[in-house]
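Student: Could you take me through the enclosed and open spaces of this structure, with a close look at one of them and at the parts around it?

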Amino acid sequence: MASTPDLIADLRTRMARLEDSTPSSMPLATHPALAGLVQLRAGASYSVDSATLALALLAGPSRAGSWCAAVGVSDFGAEAAVALGVDLDRVVLVPDPGEQWLEVTAALVDVATVVLVRPAGRVTPQAAEKLAARLRKRGAALVCWGEWPRCEVRLTASEPAWAGVGQGHGHLRSRRLLVEARRGTAPPRRGALWFPAEDQSWVSEHRPVEPASVVAPVEGVA
Amino acid sequence: MARVMVVWCPDWPVIAALADEGLPTHLPAAVFHANIVQAGNAAARTLGVRRGMRRRDAQSRCPELKVYPATPERDARTFETVLTAVEEQHPGVAPLRPGLAALRAPRRARGGEPAAAALLAERLVELGVWDSRVGVADELFTAEQAARLAHEQDCHIVAPGESVPFLRELPVEAIDDADAISLLKRLGLRTLGELADLPAAAVRDRFGPKISWVHRVVGGAGAVPLTTRTPPPELARHVDFEPPLDNAETISFSVRQTADAVVAGLAAQQLVCTEVRIEAFCEGSSYDDPSSARDWLHPRWFTAADLVDRLHWQLQGAMRNVKGRGGDIRSPISRILFTPVTVVPDAVHADGLWGGTDERVQRGIARVQGMLGHEAVVVPVLQGGRAPADRQALVPWGERPTGLRPASHPWPGSIPPPAPARVFASPWPAEVAGAGGRPVAVDARGAVLGEPTRFRPEPRGDWLPVAAWAGPWPVEELWWESGGRRVARFQVVGVDGRAWLLTWEAPGSWWTEAAYD
């Protein structure tokens, strides 16, 4: 049984949601593998540099039953998205928005809880600010595959190391990935993920890595 | 007890097939199922084609024989015109199977039963059905046998109370069951009368319910009431424009009422439409030949606004003359026709009490479709295949996926998981080189010649040394056709740790199909 102040706070949030003025910092469901690194929040924008991380960010809200959209992603790997937990029944893609990618993204922010966008050109801070107002109003999050001005968290994947593949034998089986989350000027959070893990699951717990530590070489990887 | 009239159109499957092609009925033709003759017409029979004959035997006797596959839907669809014509003259028609229908014989027709039958035959000739035969008797089985004895466009009438003597004289071949006929003949029974003399219990135990029913009928009992149908309601709607219109927006605006009427007409029957055919007729074209026609599928069901949208998309495509998008419109449009193709009871698609689809999603996506055209917004679906790009399909929003390959099949030659996160819609040209710059190839047995040492996955990228590689997964696609190609897929990891799916294609080109990014 929750205490009375908690209950009141909870009810206030729900009332606010009904009144269509979602508190912009409301947390959204996040993929468990990224749990210690980044927490998706409504109204914020995120930048990633890898398709897998972008799909993983879509997967969190999608698992929780929200709609997702991807704009300008003509190389959407549907099978990988499903493996990460994206529900394809609630995904819309606009693979080729051309010059109108910003308008399309703004329209889809009304529809989807999380919108992945790969900008066709440079994003001006004014355009980003306009979109951010819309994100806050709709309680949606924006994931940009590429650079985005003034984004909340910048996720980068580095030092991928594949296991299971040799010189002409085996096949790609699992990958160790060093993920770094930079949030403003705060020291970056880092984690080593098995993404995917040996058993083809994508939900392995990450181990935080000290900023200065060196990644140990993984066996079976050249 | 009302008397029964049976209308029989012999060789209906063949007549339906020829009529579909617009060919005259005197050509020898036959309908085949599993390479066995199911039905042939009179011309084929005079040349020696028989039911149950193999296709090659039939064609050796009659090389010019028209061969058609058996399609019961086509037979039923074309027979519908006959049913409607009969219904116009006498309500209460029971369709027995394509080519055979029963109705209650008119009691007080002027000129009696022969005149009524003659009128019916005359009406069918007007429709182009030359060969129809009518039988009239006290009950259904006898009437059908009478129709089979009648001549072309004529009738055979079995007088009231004369059924039993009529049936007793018939040979056992009257029963439409080859196994039963063979068995009865081997038992020495040649007429239905001899069958009727057997004890009822023995017939039932030995021959089963169907022959047992015939036994009862020949004995003067077992008449079954006709299950007549109610005519199906007219659900298609059309709108005519006078003067004809040439602007897609104006037309879409003008069909709004008609679209409402289509949906309301369905709702009155407690139906909703999930597939609709929209046809547009240009000025001066005949009403048999639409200038633009397309079947639209809806993931849920069509509302009036959806119908207007689909028409708008179709007209835009046809006016811009986009290939494969429903025809070519070059002159103003005089008529739009909506035909519901698939309807289902609305209970199947009823909204949940707490809201099924998200109206907001529909509206937002409609806005994007308004900006970029309706095919710009797509939904990804999974399907079976070998290449990563074959294993997914992009379906335009608002359409139902069709023709997907089943994902449950084994698909030998496909790449084991994990799946690549980036799948390129059209592969990039890549380059792979072995030691000393020698080319890497795959021979006809799927063995790799040379070992990849460096590669360039992106067209304008840098050459990278290969850290690890796996493969090949060879696939010969469509080797039995001229467009076939021999490919082999490789997983290649560069020294930077990034993995790519590269494809070698005979005789020696490389492509980047996907990236494990």
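Tutor: A cavity is a set of grid points where a 1.4 Å probe fits but cannot get out, whereas a pocket is an open set of points. The model is a predicted one, and a search of the whole structure finds three cavities of 30 Å³ or more. The second largest cavity holds about 40 Å³ of space, and its lining consists of A:Ala51, A:Ala54, A:Leu55, A:Val73, A:Asp75, A:Phe76, A:Leu116, A:Trp145 and B:Ala421. By class, that lining has eight nonpolar residues, one charged residue and no polar ones, and helix α2 of chain A, residues 51-63, gives the most to it, with three residues.

The open space on which I would dwell is the largest pocket, where about 1000 Å³ of space is found. Its lining is made up of 32 residues, and those nearest its centre are B:Asp11, B:Gln38, B:Ala39, B:Arg51 and B:Arg148. Two or more lining residues come from each of α1 (12-21), β2 (29-33), β3 (36-40), α4 (72-89) and α8 (178-186) of chain B, and the largest share, four residues, belongs to β3(B). By class, the lining of this pocket has 17 nonpolar, 10 charged and five polar residues.

As for the setting of the pocket, chain B is divided into domain 1 (4-137), domain 2 (163-218), domain 3 (237-349) and domain 4 (422-516). The largest pocket lies between domain 1 and domain 2 of chain B, because both give residues to its lining, and the C-alpha centres of these two domains of chain B are 26 Å apart.

Chain A has a domain assignment as well, with domain 1 at 22-145 and domain 2 at 154-208. The C-alpha centres of domain 1 of chain A and domain 2 of chain A lie 21 Å apart, and their contact takes 18 residues from domain 1 of chain A and 17 residues from domain 2 of chain A. Between them these two domains of chain A bury about 1500 Å², with 67% of it on carbon and sulfur atoms. On the side of domain 1 of chain A, the residues that lose the most area to domain 2 of chain A are A:Ala33, A:Leu37 and A:Leu53, which together account for 37% of what that side buries. The count of salt bridges between domain 1 of chain A and domain 2 of chain A is zero.

Definitions and conventions
Residues numbered from 1 in each chain as written. Chains lettered and ligands numbered in written order. Predicted model: local features only at pLDDT ≥ 70, side-chain atom pairs only at ≥ 80, totals over all residues. Heavy atoms only, no water. 1 Å grid on protein atoms, 1.4 Å probe; cavity = no way out; pocket = protein on both sides within 12 Å on 5 of 7 lines; lining within 4 Å. Points joined across faces, edges and corners; volume = space filled by probe spheres on them. Nonpolar A, V, L, I, M, F, W, Y, C, P; charged D, E, K, R; others polar. Domains from an automatic or database assignment. Contact = heavy atoms within 4.5 Å. Buried area = accessible area lost by both parts, 1.4 Å probe. Salt bridge = Lys/Arg side-chain N within 4 Å of Asp/Glu carboxyl O.
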